Amino acid sequence: MMCPSVRRFLGRNGMLALGLGIVIFMSLAALGAPWLAPYPPDAEHLDHVLQAPSAEFLLGTDRLGRDILSRLLYGGRVSLWVGFVAGGISLSIGTTLGLISGYFRHWVDELVMRLVDIMLCFPSFFLILAVIAFLEPSLTNIMIVIGLTSWMGVCRLVRAETLSLREREFVAAARLAGTSTPRILFWHILPNALAPVLITATLGIAGAILVESSLSFLGLGVQPPMPSWGNMLMEGKATIETAPWLSVYPGLAILITVLGYNLVGESLRDLLDPRLSA
Amino acid sequence: MDGPLSPALTPADLPGTPLFAALLRLGRKLFWMLLVLWGITLISFWVIHLAPGSPTDMETTLNPVAGAAARQQLEALYGLDKPLHVQYFDWLTRLLHGDFGNSMSADARPVLDKIFERLPLTVSMNAISLVLTLLIAIPVGILSACRRNSLLDRSVTVLVFLGFAMPSFWLALLLMLWFGIDLQWLPISGLTSMDYPRLSPWGKFCDLARHLVLPITVYTVGSLAGMSRYMRACMLEVLRQDYILTARAKGLSPRQVILRHALRNALLPVITLLGLSVPGLIGGSVIIESIFALPGLGQLFYSAVMARDYTMIMGNLVLGAVLTLAGNLLADLCYGFADPRIRSSGDRQ
């Protein structure tokens, strides 16, 4: 399936291969949840409440007799979805503002960079908590708020790239040819700055998954009965003394997923920045 | 300025002196910080007040006994019936006088009082974990940079990646499970035991310490990964410089090269990272304090958010921003202190 050169490349980059493996495995598990899950996520087996992992319930059951494995699989869809959409929102805001800031410079740049400074000084988890608690803690709101409070890194990165790219000849040529400014920004400059941006986005997905699970753990994220890894942990906390498996597996799922995205992002960054691996 | 007619120092010459330049830089920085602070109050005030729901909900809509009249009275009491920009300027004016207002919850105590009784716990937990983090991360970072790709470096890298991905609340649950429940070594929640008032001073101290071991461990693990990774990266960067080669070439021992020449330069970026990590620490306190049931700032904020206590939330956000800015300023000053190049160039940021 894989051509030999790709296999050789991955063989030399163990971290990247491991990360990609985790990411692909987790995505497939989440996508295939309806077929892979042994039970529906909200099916209550009231005669099998709080059961330890067994052959019948591979990872045990919770206090309503729901199968943990099935809920983990469905919860994975929520976590990954939040990660992707929130990451996408922060990527689009950061990219747009970064391009504008770096391309127009002067007072526009000053304005955007000061906004970035302000946002970086926010105790952002406080702000996220406040906003989510006020709005309904729905999936959409969570994704929007996480996206709105995490675009600053991408913005700085894109701005720095744009500052140097805008002086290049192909940009001058595009300008001379009468290309419209948005087209220059998104068609000519952005593709050349894409690699570092996508790497940051990978790390952003991991960050968003962590924030979502923290919110859900505090009861302000994804609301039951919809399963998410964070709210499964919250529910498990109450019975941690008698049924620790409720708390162990969802956390493990978060750990592995975030690890996967971080491994991909970090090893790609090392590859792009040969100074570090010289 | 250095004309032959004015050999003595006159006020007109002042702008040339290094002290004046430093003060000017500090002044400019303080002015800029005030501007950022103002921006933060502006954004958070509008976001919080425009969001649906109000502090009067708890006492009126959700309370079947209270009617519309009671709600209006409460709103008039809190000033919520005025237009939003008037409310903002009222609030800002009071803030400039050092008055954060009264909490909009039932006890109606001054916000500042409530914050200050919670602050010591959160700040001291963070401070202790910061010291622990630095004590561990700096040597670990140096060692893995100097022994690059050794077994030590590789295992540290694995641990760092696990640390990055570890949700703090999960780690807290696991630690509670192992050390609190299975081994029965440490208490798993609260700040003091039931018999605390009857203990001797030393016993009180030990009791407090035992309760804080797990939370501080969670704090420390959370920042350890980032810090040691960053230290390693900075050290690698410095070790490639020409002056390190020079130091080696003139026959200094590896120990001297690392500790005298490389370390000081590698520590500079770490100082900046410390300043930048304050918002994360403040945010993390919400989760850690709620898991371990510790009466700190994070828990205060969480309950304020749940009750839509506007003045309390704003007080916390402003305080968080002030702490962050103070951290950044401190980092800047330390940076200037450690690196003469920054001092002389007088450059912004």
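Helices and strands are taken here as DSSP runs, with at least four residues for a helix and at least two for a strand, numbered from the N terminus. On that basis, chain B of this predicted model contains 13 helices and zero strands. Read from the N terminus, the elements of chain B follow the order α-α-α-α-α-α-α-α-α-α-α-α-α. Of the 349 residues in chain B, 33% are buried. Among contacts in chain B with a separation of 6 or more, 70% join residues that lie 24 or more positions apart.

We turn next to the meeting of the two chains. Chain A contributes 34 residues to the contact, and chain B contributes 40 residues. On the chain A side, two or more residues are given by each of helix H5 (106-121), helix H6 (124-134), helix H11 (194-217), helix H12 (229-237) and helix H13 (245-272). H6(A) gives the most to this side, with nine residues. By class, the residues on the side of chain A that touches chain B comprise 25 nonpolar, six polar and three charged.

The nonpolar core offers another view of the two chains. The largest nonpolar core holds 147 residues, and those that touch the most other members are A:Ile128, A:Leu129, A:Ala130, A:Ile132, B:Ala172, B:Met235 and B:Ile313. Helix H7 (residues 201-239) of chain B supplies the largest share of this core, 14 residues. As background, nonpolar side chains tend to be buried together in soluble globular proteins. A:Leu129 can serve as an example: leaving out residues up to four places away in sequence, A:Leu129 touches A:Leu220, B:Val286 and B:Val305.

Helix H6 of chain A also has a partner within its own chain. The axes of H6(A) and helix H7 (residues 139-148) of chain A come within 10 Å and cross at roughly 155°. Angles over 145 degrees count as roughly antiparallel, so H6(A) is roughly antiparallel to H7(A). The two helices, H6(A) and H7(A), make a right-handed crossing. From H6(A), the contact draws on A:Ile128, A:Val131 and A:Ile132, and from H7(A) it draws on A:Asn141, A:Ile142, A:Val145 and A:Ile146. Sorted by class, the contact of H6(A) with H7(A) has six nonpolar residues, one polar residue and no charged residues.

A second helix pair in chain A brings together H4 and H11. Helix H4 (residues 68-104) of chain A packs against H11(A) at an angle of about 130°, with the axes 8 Å apart. That angle makes H4(A) oblique to H11(A). The crossing in which H4(A) passes H11(A) is right-handed. On the H4(A) side the contact involves A:Ser79, A:Val82, A:Gly83, A:Phe84, A:Ala86, A:Gly87, A:Ser90, A:Leu91 and A:Thr95, which meet A:Val197, A:Ala201, A:Gly204, A:Ile205, A:Ala208, A:Ile209, A:Glu212 and A:Ser213 in H11(A). This contact of H4(A) with H11(A) has nine nonpolar, seven polar and one charged residues.

A third pair is formed by H9 and H10 of chain A. The axes of helix H9 (residues 169-176) and helix H10 (residues 181-189) of chain A come within 11 Å and cross at roughly 145°. H9(A) passes H10(A) in a right-handed crossing. The residues in contact are A:Phe170, A:Val171, A:Ala174 and A:Arg175 of H9(A), together with A:Ile184, A:His188 and A:Ile189 of H10(A). The contact of H9(A) with H10(A) has five nonpolar, one polar and one charged residues.

Some individual residues of chain A deserve a closer look. A:Tyr103 lies in helix H4 of chain A and is partly exposed, because 19 other C-beta atoms lie within 10 Å. Leaving aside neighbours within four places in sequence, A:Tyr103 is in contact with A:Thr162, A:Arg166 and A:Leu185. The C-alpha atoms of A:Tyr103 and A:Gly178 are separated by 16 Å, with the two positions 75 residues apart along the chain.

A:Arg105 lies in the loop between H4 and H5 of chain A. Its phi is near 50°, a positive value in a residue other than glycine. A:Arg105 counts as partly exposed because 14 C-beta neighbours lie inside 10 Å. A:His106 is placed in helix H5 of chain A, and phi of A:His106 is near 45°, again a positive value in a residue other than glycine. A:His106 is exposed, with 8 other C-beta atoms within 10 Å.

Key: Residues numbered from 1 in each chain as written. Chains lettered and ligands numbered in written order. Predicted model: local features only at pLDDT ≥ 70, side-chain atom pairs only at ≥ 80, totals over all residues. Buried ≥ 20, exposed ≤ 12 C-beta atoms within 10 Å, placed from the backbone. Contact = placed C-beta atoms within 7 Å. Nonpolar A, V, L, I, M, F, W, Y, C, P; charged D, E, K, R; others polar. Axes fitted to C-alpha atoms, helices over the stretch in contact; angles between N-to-C directions. Parallel < 35°, antiparallel > 145°, perpendicular 65-115°, else oblique. Left-handed = near helix turned anticlockwise from the far one by under 90°. Core = buried A, V, L, I, M, F, W, Y, C linked by C-beta atoms within 7 Å.
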